[in-house]
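This briefing is meant to be read with the sequence and the coordinates open side by side. Please keep both in view while going through the topics below.

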Amino acid sequence: IIIDREKEMPVIIASARGGMEIEEVAQDEPQSIFKEHVHPVTGLADCHIRNLAFKLGLSKVQQKNFSQLLSSLYELFIKTDMSLVEINPLIVTGDDLVMALDAKINFDDNALFRHPELAAWREEEARQRDWPRGHVLSDNLLVTMAQRKPRDIATLKAIPDLPQAMPATVMSDLLAAISRGLAVKEGDYPRPADEGVSKHNIKTRYERVSAHISSVCATHHIDPALVGSRAEIESFLHLMDQSTADGHPLSTSWRSTLITEALR
């Protein structure tokens with residue numbers, strides 16, 4: 001199931017040629033690919049399911065099981081704002097059950113603000129798989145970098161305790177960041193936040209944000225820690241005051257949405 005952008009509605013694409021790339025089937029045997037467009041207002045109807053089941057050559061018992069699977073799949077597609085759900089292959093067992101052997105799904109990034117539990121799950125996956133999120137440079141290492149002022153990959157690699165698994169692209173980005181930092185003149189350093197009213201204001205807003213995050217996370221059964229620590233949230237609130245929050249770890253759409261919702 002995908003979104004047909006031209007017709008502005010979901011389309012179910014099916015073929016009896018399972019286990020093959022759909023692009024290959026479309027090129028070699030276009031007649032074996034069947035489509036059913038589903039109007040977003042009326043939704044999936046029995047006629048859509050019957051048409052596909054008949055074209056796929058399913059028996060009556062198999063059609064009933066296929067109907068249950070496709071109905072559930074379409075409901076999931078709509079409720080979670082997917083842009084793609086693909087089952088390949090879809091199999092029929094010896095006792096006429098219709099089952100998915102393999103599948104992949106994509107979510108619409110623009111709709112993730114409606115699904116904080118999915119955004120949090122994807123964020124956790126990114127933290128585990130992606131180097132910049134999966135490794136945090138220690139304060140001691142940052143101090144050493146500031147002192148040694150590495151100018152190239154060789155001098156950067158010579159710094160003790162630098163993660164050995166750091167990709168070359170990340171090293172290049174790190175060197176560029178160090179270079180930009182060294183180019184800043186002392187007079188241009190950001191001034192510290194005003195004590196008193198500013199600190200009190202951030203503390204008050206943090207309490208509101210924390211309560212809202214806890215409520216949303218409890219509803220969707222996710223860990224509030226995935227949103228951010230207290231220090232991260234307070235620093236984000238401070239940067240919001242200065243309109244310089246872009247690039248902050250919490251400035252991603254689903255996180256910033258949770259925070260700004262609490263401040264309305």
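The points that follow cover the overall fold, the nonpolar cores, one histidine and one pocket.

The model is a predicted one, and its chain of 264 residues has 31% of them counted as buried. The chain holds 11 helices and seven strands. Among contacts with a separation of 6 or more, 49% join residues that lie 24 or more positions apart.

**Nonpolar cores**

- The largest nonpolar core comprises 39 residues, and those with the most contacts inside it are Ile1, Leu52, Phe66, Val209, Ile233 and Leu237.
- At least two residues of this core come from each of β2, α2, α3, β4, α4 (116-129), α9 (197-220), α10 (230-241) and α11 (253-263), and the largest share, six residues, is supplied by α9.
- A second core, separate from the one just described, is made up of eight residues, including Ile159, Leu162, Leu174 and Leu175.
- Phenylalanine 66, one of the residues with the most contacts inside the largest core, touches Ile49, Leu52, Ala53, Leu56, Leu58, Leu90 and Val98 when residues up to four places away in sequence are not counted.
- As a general background, nonpolar side chains in soluble globular proteins tend to be buried together.

**Histidine 48**

- Histidine 48 is placed in helix α2, which spans residues 46-55.
- With a relative accessible area of 11%, histidine 48 counts as buried, because the value falls under the 20% cut-off.
- The side chain of histidine 48 reaches the backbone oxygen of histidine 37 at 3.4 Å.
- Leaving aside residues up to four places away in sequence, histidine 48 touches Glu36, His37, Val38 and Gly43, so that His37 appears both in this set of contacts and as the residue whose backbone oxygen the side chain reaches.

**Second largest pocket**

- The second largest pocket contains about 690 Å³ of space, and of the 30 residues that line this pocket, Ile13, Ala14, Ser15, Ile87 and Leu90 are the closest to its centre.
- The lining of this pocket takes at least two residues from each of β2 (9-15), α3 (60-79), β4 (82-87) and β5 (90-92), with β2 giving the most, namely five residues.
- Sorted by class, the lining of the second largest pocket consists of 24 nonpolar, three polar and three charged residues.
- Leu90, which is among the residues closest to the centre of the second largest pocket, is also one of the residues that phenylalanine 66 touches.

Methods
Residues are numbered from 1 along each chain as its sequence is written. This is a predicted model: local features need pLDDT of at least 70, side-chain atom pairs count only at pLDDT 80 or more; totals for chains, interfaces and linings use all residues. Side-chain values use heavy atoms; hydrogens and water are left out. On a 1 Å grid over the protein atoms alone, a cavity is a set of points where a 1.4 Å probe fits but cannot get out, and a pocket is an open set with protein on both sides within 12 Å along at least five of seven lines; lining residues have an atom within 4 Å of a point. Grid points are joined across faces, edges and corners, and a volume is the space filled by probe spheres set on the points. Helices (H or I, at least four residues) and strands (E, at least two) are DSSP runs, numbered from the N terminus. Ala, Val, Leu, Ile, Met, Phe, Trp, Tyr, Cys and Pro count as nonpolar, Asp, Glu, Lys and Arg as charged, and the others, Gly among them, as polar. Buried means under 20% relative accessible area, exposed over 50%, partly exposed in between (1.4 Å probe, protein chains only). A polar contact is a pair of N or O atoms within 3.5 Å; within protein, one must be able to donate a hydrogen and the other to accept it, and residues adjacent in sequence count only if both atoms are side-chain atoms. Contact means heavy atoms within 4.5 Å. A nonpolar core is a set of buried Ala, Val, Leu, Ile, Met, Phe, Trp, Tyr and Cys residues joined through side-chain atoms within 4.5 Å.
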